[in-house]
Amino acid sequence: MSQLDLIAHLCSRLCHDLVGPVSAIGNGVEVLEDEDEADMQKQAIELLAHSADLAARRLKFYRLAFGAAGGEGVPIQLTEARNTCRDFLSGSRTTLNWPDESVAGGDKLPKAAVKLLLNLVLVVSESLPRGGNLDVAIHTADNGMGMRIETRGSETRLSDAAEQALRSNVTPAELDPKSAPALLAAQLAEGLGSRLELQRGVDHLSIDVHVANAA
């Protein structure tokens with residue numbers, strides 16, 4: 001799998017998720033330019049505010065999940081990662097349950113671990129087409145840190161391409177923008193000296209990963 005192929009699919013994913021709110025901003029501007037009615041102008045302003053907020057929340061999430069936010073080697077606050085996920089899922093039918101927890105040595109995680117975590121949240125959230133609960137648990141473990149991302153009580157629909165990507169077993173022809181974050185997560189786990197452990201059922205999906213010496 002070429003890294004350029006993966007990057008291209010991640011860029012396509014980013015563009016796909018931003019084109020909607022950005023287009024809506026353009027529509028709102030057009031309404032403001034053409035309409036004199038106060039009610040229409042108010043609706044246009046509300047559309048602009050909502051779309052700008054949505055675009056900003058998505059950009060913040062993808063910057064942290066795909067990009068190099070903060071610089072190489074700089075650990076990231078656990079609360080920042082959690083708030084970024086909450087903001088990303090805000091307004092969706094998926095409820096994020098991520099209690100106050102920390103890892104040994106403080107409330108920061110290595111950047112690669114945060115990127116891994118956010119990509120797993122993205123993958124698992126997309127397995128809930130009808131919404132549901134998404135639980136994140138982070139705990140200290142022998143020689144490092146354990147993470148679990150799971151759904152419960154909801155119908156899950158993890159695509160075959162995403163599942164194979166999580167197992168690093170996807171071909172270039174099978175990879176697409178929807179499954180690219182799953183492959184990125186698998187590569188991040190491998191780079192941290194770990195692998196993803198996947199369990200799935202009709203109403204359950206969980207992904208576990210152990211990161212050695214992450215504290």
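Helix H4 lies across strands E2, E4, E5 and E7, and its direction makes about 10 degrees with that of E5. The model described here is predicted. The sheet beneath this description is open and has five strands, in the order E2-E4-E5-E7-E6. Its pairing is mixed. Strand E2 (94-97) and E6 are the edge strands, each pairing on one side only. From one strand to the next, the twist averages 15 degrees.

The sheet can be followed from the E2 edge. E2 and E4 pair in the parallel sense, over four bridges. Within the E2-E4 part of the sheet, Thr94 stands opposite Gly132 in E4. E4 and E5 pair in the antiparallel sense over nine bridges. Two positions illustrate the register of that pair. Thr140 is opposite Met145 in E5, and Asp135 is opposite Glu150 in E5. The hairpin of E4 and E5 has two residues between the strands. In this hairpin Asn143 takes a positive phi near 60 degrees.

On its other side, strand E5 (residues 144-152) meets strand E7 (residues 204-212). E5 and E7 pair in the antiparallel sense over nine bridges. Glu150 has Ser206 as its bridge partner in E7. Glu150 thus recurs in the register, since Asp135 stands opposite Glu150 as well. Strand E6 (residues 197-201) pairs with E7 in the antiparallel sense, over five bridges. There, Gln199 stands opposite Ser206 in E7. E6 and E7 form a hairpin, with two residues between them.Helix packing was examined next. The axes of H4 and helix H6 (residues 180-191) come within 9 Å and cross at roughly 150 degrees. An angle over 145 degrees counts as roughly antiparallel, so H4 is roughly antiparallel to H6. The crossing of H4 and H6 is left-handed. On the H4 side, the contact involves Ala112, Lys115, Leu116, Asn119, Leu120, Leu122 and Val123. These residues meet Pro181, Ala182, Leu184, Ala185, Leu188 and Ala189 in H6. By class, the contact of H4 with H6 has 11 nonpolar residues, one polar and one charged.

H4 also meets H3. The axes of H3 and H4 come within 11 Å and cross at roughly 25 degrees. That crossing angle makes H3 roughly parallel to H4. H3 passes H4 in a right-handed crossing. H3 contributes Ala81, Thr84, Cys85, Phe88 and Leu89 to the contact, and H4 contributes Val114, Leu118, Val121, Leu122 and Ser125. Eight nonpolar and two polar residues make up the contact of H3 with H4, with no charged residues. Leu122 of H4 is listed in the contact with H3 and also in the contact with H6.

A further helix pair involves H3. The axes of helix H2 (residues 38-66) and helix H3 (residues 78-89) come within 9 Å and cross at roughly 135 degrees. H2 and H3 are therefore oblique to each other. H2 passes H3 in a left-handed crossing. The H2 side of the contact is made by Arg57, Arg58, Lys60, Phe61, Tyr62 and Leu64. The H3 side is made by Glu80, Ala81, Thr84, Cys85, Asp87 and Phe88. The contact of H2 with H3 has six nonpolar, one polar and five charged residues by class. Ala81, Thr84, Cys85 and Phe88 of H3 take part in this contact with H2 and in the contact with H4.

Salt bridges were counted across the model, and the count comes to 10. In one of them, the side chains of Glu126 and Arg13 meet at 2.3 Å, N to O. Glu126 lies in the loop between helix H4 (111-125) and strand E4 (132-141), and Arg13 lies in helix H1 (residues 3-34), so the pair ties together parts that are 113 residues apart in sequence.

Technical notes
Residues are numbered from 1 along each chain as its sequence is written. This is a predicted model: local features need pLDDT of at least 70, side-chain atom pairs count only at pLDDT 80 or more; totals for chains, interfaces and linings use all residues. Side-chain values use heavy atoms; hydrogens and water are left out. Two strands pair if DSSP finds at least two bridges between them. Axes are lines fitted to C-alpha atoms, for helices over the stretch in contact, and angles run from 0 to 180 degrees between N-to-C directions. Angles under 35 degrees count as roughly parallel, over 145 as roughly antiparallel, 65 to 115 as roughly perpendicular and the rest as oblique. A crossing is left-handed if the near helix is turned anticlockwise from the far one by less than a right angle, and right-handed if clockwise. Contact means heavy atoms within 4.5 Å. Ala, Val, Leu, Ile, Met, Phe, Trp, Tyr, Cys and Pro count as nonpolar, Asp, Glu, Lys and Arg as charged, and the others, Gly among them, as polar. A salt bridge is a side-chain nitrogen of Lys or Arg within 4 Å of a carboxyl oxygen of Asp or Glu.
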